[in-house]
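These exercises ask you to read a structure step by step, moving from a single residue to whole chains. Try each task before you turn to the solution that follows it.

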Amino acid sequence: MSDIEQKTKNILTIVLKLNSDTSVQNATMESISSWDSMALLSIVTAIENEFDIFIDAAEAEHLVSYEKIIDFLNNHPEIP
Amino acid sequence: MSLSFLEAANIVSQENTLVNREFVLAASGQTEKLEMFVKALSICRGFNSIYSSLPFNTLQQYVALSDSVSNVTDKKHIFLLFPWDLVPEFDWRLGVSENDFDLEVQNHQAVKFCEKIQNFKDKRILYFKADVLPISLNSSEQKELYCQLEMLMYKAGARIISSNSFSLSSYLANGNPYSGKELSKISDVIVDEVDGEQYQAKKLLVTDFDNVLWKGVIGEDGVEGIYCQNEGVGYVHYIFQSYLLKLKKAGVLLAGVTRNDSELAELPFKKNKTLLTRNDFVEILASYEAKSSQIELLAENLNLNLDSIVFVDDNPLEIEEVKLQLPKVRTILFPPQNEMFPQMMADLQKQFVITNVTNEDKKRTELYRSRKQSSVPSNRKGADLFSYLATLNMRISPKLCSERDYERPLQLINKTNQFNLNGNRLTEQELQLLLKDGSKLFSFGLKDKFGDHGQVISLFVDQKLCITHFVMSCRVFQRKAEYACLIWLIKFLDAEDLTFDFHLTKYNTPFKNFIDEKYFSSFKDTRRENKSLLNSALFLEENEGILDLFKIELDN
């Protein structure tokens with residue numbers, strides 16, 4: 001598991017208060033009841049802080065699943 | 001102190017028995033983003049923050065009602081204010097109003113708001129100097145109002161927070177005005193204000209010497225290589241000294257704590273290189289022990305509480321170490337760039353509230369000096385830095401240097417005095433000869449969360465596994481980097497024993513302390529020269545845990 005994947009997994013687990021049985025890799029806004037718009041805001045904030053990047057509101061709207069977040073971070077120019 | 005989100009979450013998840021401190025976080029915007037950081041940073045300072053916050057956009061109402069509700073104003077409040085809290089028309093979320101701009105009316109509005117804030121008895125104010133909505137067609141008039149607001153905030157005792165802490169995107173999207181990247185910094189200031197002790201007048205200012213009292217490192221650059229005159233590179237250090245002198249004359253005690261040999265530390269005073277004299281200091285502790293233990297000793301010697309002490313140092317690591325071990329001591333980082341110097345001085349100025357100076361104040365240093373017994377530096381072991389170092393995310397990059405790639409290691413060997421195996425210098429030709437004879441030159445880079453320190457350790461190993469040169473930059477002392485590099489080297493060379501060509505010099509006490517440890521023993525080699533032998537097995541066994549503090553990144 002890459003550093004990006006591990007950190008994202010930890011962030012989602014903490015912000016969404018997921019238990020150990022939940023598969024974070026398959027988590028989406030639709031499948032996780034605690035993943036509402038406020039939680040999305042917290043996730044975006046945590047990612048910004050953890051990876052020292054800025055996420056525009058338009059980009060944040062698309063970060064609605066673990067997979068999409070990983071895809072976004074892997075392609076971010078400021079993340080090595 | 002700065003934390004990432006996951007570090008903060010980890011701290012908050014652990015149970016603790018710390019005392020609770022209650023307060024109200026009063027802001028017009030959403031503050032949820034800050035919660036994790038405020039809680040974690042409070043725990044780092046030795047308490048739990050228990051706070052309530054206001055519903056979104058209700059600050060004006062809350063403040064307006066304050067004079068009629070005394071049980072509200074008695075509570076401790078931390079106000080997080082933006083320009084639009086004083087002049088609501090500045091609020092980006094409102095859009096530009098068609099109404100005429102009237103400087104006087106808007107200013108009056110802001111003054112009234114500040115008067116209401118004064119009803120709160122125990123309050124701290126953070127004022128975010130955010131960019132504002134263009135509400136006037138006359139930009140200079142708007143700028144005038146903007147400056148007046150800042151003045152008002154200064155008068156109200158606010159701490160001014162820079163504009164990059166504001167995120168317009170986040171504010172427009174969800175009412176959170178704080179930049180995600182700056183959350184830890186903002187929260188650190190909030191916790192600082194909750195801690196609250198720092199605005200009580202301090203009695204003792206403890207200052208580091210190298211790159212604080214003067215520009216340069218006395219142990220490396222020598223007394224002629226340090227600068228603190230009212231010109232050139234030492235200018236800000238001269239200004240710093242002149243302020244310390246003023247403080248001393250007003251009754252504030254000055255003390256020096258420096259990683260140096262005592263004689264060396266006092267040399268600039270003897271040579272009249274400094275504005276301050278030796279007698280302006282009530283004590284100078286020169287030692288290689290942790291700064292926290294030195295400050296603790298000073299407090300004991302002078303019979304002062306830790307919360308009456310301000311400590312100034314240019315090294316973020318030393319600052320963090322003191323913060324961690326002595327959370328009551330107010331720490332101030334002497335900035336690396338002159339542009340940040342005015343802010344540091346303003347911060348320093350706030351610590352010492354001096355209204356009138358008595359004759360006793362003027363003589364206080366002399367009174368204390370005559371009272372104290374001695375100024376023997378602490379030989380107590382420094383604070384256990386391990387847990388702190390683990391948070392630094394340190395990465396070491398070892399490199400075996402070639403005949404074409406030795407510039408920085410050679411420079412390091414030729415300019416380092418303190419952590420230096422024997423003080424032996426090398427010319428380029430000598431270095432090339434050593435390489436041709438089969439000696440290996442290693443260079444180690446170090447990065448941590450503070451940034452890239454560059455190549456900071458150089459060492460030469462000859463064919464008989466004797467280390468002939470070993471130096472480390474003083475910028476990275478106290479990080480255990482020398483241990484990590486040696487462990488890596490032992491493994492890389494598969495060396496059961498390593499010998500060290502150690503010689504004591506005038507300046508290399510830090511290396512002597514290193515080689516005095518139990519893993520080393522002295523012997524005479526075949527030429528009857530003194531050498532030190534490292535018991536690699538014992539060294540590895542007892543220090544292998546140090547590698548957990550570092551990630552090794554092979555430099556290709």
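**Exercise 1: one residue in its surroundings**

Which residues does B:R259 touch, not counting residues up to four places away in sequence? Then decide whether B:R259 is buried or exposed.

Solution. Keep in mind from the start that this is a predicted model. Begin with the place of the residue along the chain: B:R259 sits in the loop between β7 (253-258) and α12 (262-270) of chain B. Once residues up to four places away in sequence are set aside, B:R259 touches B:Y288 and B:F477. A further comparison shows how sequence and space can be set side by side: B:R259 and B:A290 are separated by 31 residues in sequence, while their C-alpha atoms are 8.7 Å apart in space. For the last step you need the cut-off, which is 20 or more other C-beta atoms within 10 Å. B:R259 counts as buried because it has 25 C-beta neighbours inside 10 Å.

**Exercise 2: an antiparallel run of strands**

Describe how β14(B) pairs with β13(B) and with β15(B), and state what lies between the strands.

Solution. Take β13 and β14 of chain B to begin with: β13 covers residues 440-448, β14 covers residues 451-461, and 9 bridges join these antiparallel strands. As an example of a bridge, B:F442 has B:L459 as its partner in β14(B). The connection between β13(B) and β14(B) is a hairpin with 2 residues. Now go on to β15(B), residues 466-472, which runs antiparallel to β14(B) and is joined to it by 5 bridges. Here B:I457 is found opposite B:M472 of β15(B). The hairpin of β14(B) and β15(B) has 4 residues between the strands, and in this hairpin B:L465 takes a positive phi near 60 degrees. A general point helps in reading such pairs: strands of a sheet pair through backbone hydrogen bonds, either parallel or antiparallel.

**Exercise 3: a parallel sheet**

What is the order of the strands in the open sheet of 5 strands in chain B, and which are its edge strands?

Solution. The order in this open sheet of chain B is β2-β1-β3-β4-β5, and the pairing is parallel. The edge strands are β2 (47-53) and β5 (159-161) of chain B, since each of them pairs on one side only. From one strand to the next, the twist averages 30 degrees. To look at one pair in detail, take β3 (residues 76-81) and β4 (residues 122-128) of chain B, which are parallel and share 6 bridges. In this pair B:I78 stands opposite B:R124 of β4(B).

**Exercise 4: two packed helices**

Describe how α1(A) and α2(A) pack, and name the residues that make the contact.

Solution. Start with the chain as a whole: chain A has 4 helices and 0 strands. Two packed helices are described by the angle between their axes and the distance between the axes. For α1(A) and α2(A), the axes come within 10 Å and cross at roughly 145 degrees, and the crossing is right-handed. On the side of α1(A), the contact is made by A:K7, A:I11, A:L12 and A:V15, while α2(A) brings A:A39, A:S42, A:I43, A:A46, A:I47 and A:E50. Sorted by kind, the residues of this contact are 7 nonpolar, 1 polar and 2 charged.

**Exercise 5: the two chains together**

How many residues does each chain give to the contact between chain A and chain B, and how confident is the predictor?

Solution. Chain A gives 14 residues to the contact and chain B gives 13 residues. In chain A, the elements that give two or more residues to the side touching chain B are α1 (3-15) and α2 (37-51), and α2(A) gives the most, with 6 residues. The residues on this side of chain A comprise 6 nonpolar, 3 polar and 5 charged. Turning to confidence, the predictor gives the complex an ipTM of 0.89 and a pTM of 0.51. Chain A has a mean pLDDT of 90, with 100% of its residues at 70 or more, whereas chain B has a mean of 87, with 92% of its residues at 70 or more. One stretch of chain B calls for caution in reading: over residues 373-383, pLDDT stays under 50.

Key: Residues numbered from 1 in each chain as written. Chains lettered and ligands numbered in written order. Predicted model: local features only at pLDDT ≥ 70, side-chain atom pairs only at ≥ 80, totals over all residues. Contact = placed C-beta atoms within 7 Å. Nonpolar A, V, L, I, M, F, W, Y, C, P; charged D, E, K, R; others polar. Pairing = 2+ DSSP bridges. pLDDT = per-residue confidence, 0-100. Axes fitted to C-alpha atoms, helices over the stretch in contact; angles between N-to-C directions. Left-handed = near helix turned anticlockwise from the far one by under 90°. Buried ≥ 20, exposed ≤ 12 C-beta atoms within 10 Å, placed from the backbone.
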